[in-house]
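Student: Please take me through one part of this model closely, with the cut-offs behind each term spelled out.

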Amino acid sequence: RRDAIETIEAIRQINAKYPGIHTTLGVSNVSFGLNPASRAVLNSVFIHEAVEAGLDSAIVDAAKIVPLASIPEDQRKVALDLVWDRREYDADGNVTYDPLSTMLDLFDGVDSASLKDARAAELAALPVGERLERRIIDGEGKGLEEDLDLARANGVSPLQIINDHLLAGMKIVGERFGSGEMQLPFVLQSAEVMKTAVALLEPHMEKSDEAGKGTIVLATVRGDVHDIGKNLVDIILTNNGYDVINIGIKKTINEIIQAAEENNADVIGMSGLLVKSTVVMKENLEELQNRGLGTKWPIILGGAALTRTFVEDDLASVFNGTVRYARDAFEGLALM
């Protein structure tokens with residue numbers, strides 16, 4: 001228990017004394033001797049505390065940790081108390097509360113299979129709309145197709161399912177990732193479930209009879225690999241009569257300009273999830289302006305890290321062309 005505290009304090013001191021030095025940590029030693037269910041909880045809480053202290057990376061089996069926000073409050077509290085050795089004593093110095101003993105009692109007879117069954121039962125009890133949202137949050141793809149079919153059978157359109165339930169789940173995922181309560185492997189897991197859901201719904205979406213309404217080049221900007229939102233924009237615009245040139249992820253401004261010129265684009269759309277992508281977008285706008293292309297294409301920007309104020313006030317003030325913020329795929333459609 002002292003090792004856990006000393007490790008976190010060491011990370012904090014390294015960051016304070018040696019700016020720019022990175023730290024990594026093998027996590028599983030902290031939970032040796034506990035059963036697998038309690039190890040997953042303790043490892044997850046310990047990682048969160050270490051990251052809060054400045055940890056840069058962790059060596060851990062991602063299948064044996066869980067998102068912090070999904071840990072029940074009583075389990076999270078006892079794990080925190082154990083990491084920080086918060087034993088309590090009476091006036092005679094006798095231990096009245098030992099988080100290790102409490103944790104052993106709390107997880108006595110609990111195994112990973114029973115926890116999984118309990119989560120499955122909890123999921124099954126939810127209304128189908130809430131269940132779909134929860135599937136995105138939990139990254140749970142088993143039973144996804146059946147739930148999507150049930151929602152459509154209940155009269156909910158594919159676009160309503162995406163907008164009201166799937167995107168609502170991804171919004172929570174983004175918030176938890178931003179607050180440090182959800183680690184990257186779980187974000188990617190949620191993104192895969194989202195991608196699968198959209199692919200299953202696409203054949204059932206109404207398509208416009210109109211075609212050739214305009215051409216947009218879509219790209220996730222340099223340094224960013226997130227494309228769920230961008231691909232949803234692609235589907236919505238394509239189904240509404242627009243030609244979409246989706247050139248993929250990690251695209252430089254040179255590649256974006258080349259695609260726009262080769263395809264005689266009317267609009268450029270740039271997407272990104274990471275905070276650093278907002279900086280890249282600003283650099284891309286500056287490069288377009290420096291090349292005298294600021295007024296050639298209207299620019300639509302979207303992504304979790306962006307805000308309307310940042311795009312339409314801050315970025316618009318340094319760009320002499322048209323730049324607009326799309327909060328989601330449907331606003332992107334309205335802007336087109």
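Tutor: Happily! F177, L184 and L188 make a nonpolar surface patch of about 240 Å² in this predicted model. Patch members have over 30% relative accessible area and no salt bridge, with like charges joined within 9 Å and nonpolar side chains (Val, Leu, Ile, Met, Phe, Trp, Tyr) within 5 Å. Areas are Shrake-Rupley values with a 1.4 Å probe, and for residues only the protein chains shown count as cover; a salt bridge puts a side-chain nitrogen of Lys or Arg within 4 Å of a carboxyl oxygen of Asp or Glu. L184 counts as partly exposed because its relative accessibility is 40% (buried is under 20%, exposed over 50%, partly exposed in between). L184 lies in helix α9, residues 184-201 (helices are DSSP H or I runs of at least four residues, strands E runs of at least two, numbered from the N terminus).

Elsewhere, five strands form an open parallel sheet in the order β6-β5-β7-β8-β9, where pairing takes at least two DSSP bridges. β6 (243-246) and β9 (323-325) are the edge strands, each pairing on one side only. From one strand to the next, the twist averages 25 degrees. Strands β7 (267-271) and β8 (299-302) are joined by four bridges, and I268 stands opposite I299 in β8.

Helix α12 (275-290) lies across β7, β8 and β9, at about 170 degrees to β8. Contact means heavy atoms within 4.5 Å; axes are fitted to C-alpha atoms, for helices over the stretch in contact, with angles from 0 to 180 degrees between N-to-C directions.

Residues are numbered from 1 along each chain as its sequence is written, and side-chain values use heavy atoms, leaving out hydrogens and water. Local features need pLDDT of at least 70 and side-chain atom pairs 80 or more, while totals for chains, interfaces and linings use all residues.

How values were computed: Buried < 20%, exposed > 50% of the residue type's maximum accessible area, 1.4 Å probe, protein only.
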